[in-house]
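Trainee: I have a model open on my screen and I'd like to learn how to read it. Could you walk me through a few features?

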Amino acid sequence: MPKVKKVKKSAPVPLNASKSKKLSNPLIEKRPKNFSIGGDIQPKRDLRRFVRWPKYIRLQRQRRTLYQRLKVPPSINQFTMTVDKSLATNIFKLLKKYQPESSAEKKERLRNMAAAGKTESTKKPMVVKYGLNHVTGLIEKKKAQLVIIAHDVDPIELVVWLPALCRKMNIPYCIVKGKSRLGRVVHKKNAAALCITGVKAEDKNALSNIISSVKTNYNDRYDEIRKTWGGGN
């Protein structure tokens with residue numbers, strides 16, 4: 001057999017000593033942090049997963065999960081069908097014009113009337129009506145022109161029958177997001193439902209446009225809404 005020539009491996013060339021060493025600034029002293037007990041302050045971390053949330057927040061999240069997993073009957077599922085953003089903006093713009101006076105404004109008005117020696121005028125101002133019993137009475141007497149219902153009333157049984165009553169009395173109604181947003185209109189924390197009984201001549205066109213949109217989305221779609229189940233994903 002032919003002899004295999006052994007090739008001697010040469011030693012690797014050492015790296016330049018100047019390259020291996022890092023240049024350090026002698027004026028800056030290195031102070032590594034110590035995060036052990038009694039040492040430096042721990043860095044801020046996202047601890048939201050470990051927070052014990054208040055009970056009402058946990059109930060909100062559990063309810064949302066159940067509504068996604070279980071079959072939701074049409075009478076409750078209809079409250080997920082809220083008006084779109086542009087229509088909601090127009091509705092609240094109109095409601096703001098007819099806000100009832102706050103307690104401070106009423107106090108000031110009565111003080112001014114007492115100072116002037118006047119009695120209270122018999123003509124009632126055009127304002128938004130609120131209160132579930134009051135709104136229900138106005139619907140039954142067919143005095144309400146537009147009914148606005150909040151989508152997140154708890155318990156839902158308080159208003160679950162209200163859309164059916166509006167349909168029966170042929171009164172336009174809509175469902176908007178936020179009982180707190182409705183409450184702000186009437187200077188309260190929350191409001192389950194509001195209604196408009198009348199507006200001034202300059203706002204009649206705006207009200208008729210809102211009513212036509214609302215009727216198309218809710219009153220005229222009664223058969224579709226009463227058959228649409230929710231949840232069950």
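**Aspartate 203 and its surroundings**

Mentor: Let's begin with one residue: setting aside neighbours within four places in sequence, aspartate 203 is in contact with Leu94, Lys97 and Tyr98. Contact here means heavy atoms within 4.5 Å. A word on the source: this is a predicted model, where local features need pLDDT of at least 70 and side-chain atom pairs count only at pLDDT 80 or more, while totals for chains, interfaces and linings use all residues. Residues are numbered from 1 along each chain as its sequence is written, and side-chain values use heavy atoms, with hydrogens and water left out.

Trainee: Where does aspartate 203 sit?

Mentor: Aspartate 203 lies in the loop between strand 5 and helix 9. Helices (H or I, at least four residues) and strands (E, at least two) are DSSP runs, numbered from the N terminus. Its C-alpha atom is 7.9 Å from that of leucine 94, although the two residues are 109 residues apart along the chain.

Trainee: Is aspartate 203 buried or exposed?

Mentor: Buried means under 20% relative accessible area, exposed over 50%, and partly exposed in between (1.4 Å probe, protein chains only). Aspartate 203 has a relative accessible area of 6%, so it counts as buried. Across the protein, buried residues make up 28% of the 233 residues.

Trainee: How do helix 4 and helix 9 pack?

Mentor: To read a pair, fit lines to C-alpha atoms over the stretch in contact, then take the angle, from 0 to 180 degrees, between N-to-C directions. Here helix 4 and helix 9 pack at about 135°, with axes 11 Å apart. The contact involves Leu87, Asn90, Ile91 and Leu94 of helix 4, and Leu207, Ile210, Ser213, Val214 and Asn217 of helix 9. Angles under 35 degrees count as roughly parallel, over 145 as roughly antiparallel, 65 to 115 as roughly perpendicular and the rest as oblique. Helix 4 and helix 9 are therefore oblique to each other.

Trainee: Which residues touch the most other members of the largest nonpolar core?

Mentor: A nonpolar core is a set of buried Ala, Val, Leu, Ile, Met, Phe, Trp, Tyr and Cys residues joined through side-chain atoms within 4.5 Å. The largest one has 45 residues, and Leu95, Ile139 and Val147 touch the most other members. Helix 4 supplies the largest share, six residues. Beyond neighbours within four places in sequence, isoleucine 139 is in contact with Ala144, Val147, Leu162, Leu165, Cys166, Met169 and Ile171.
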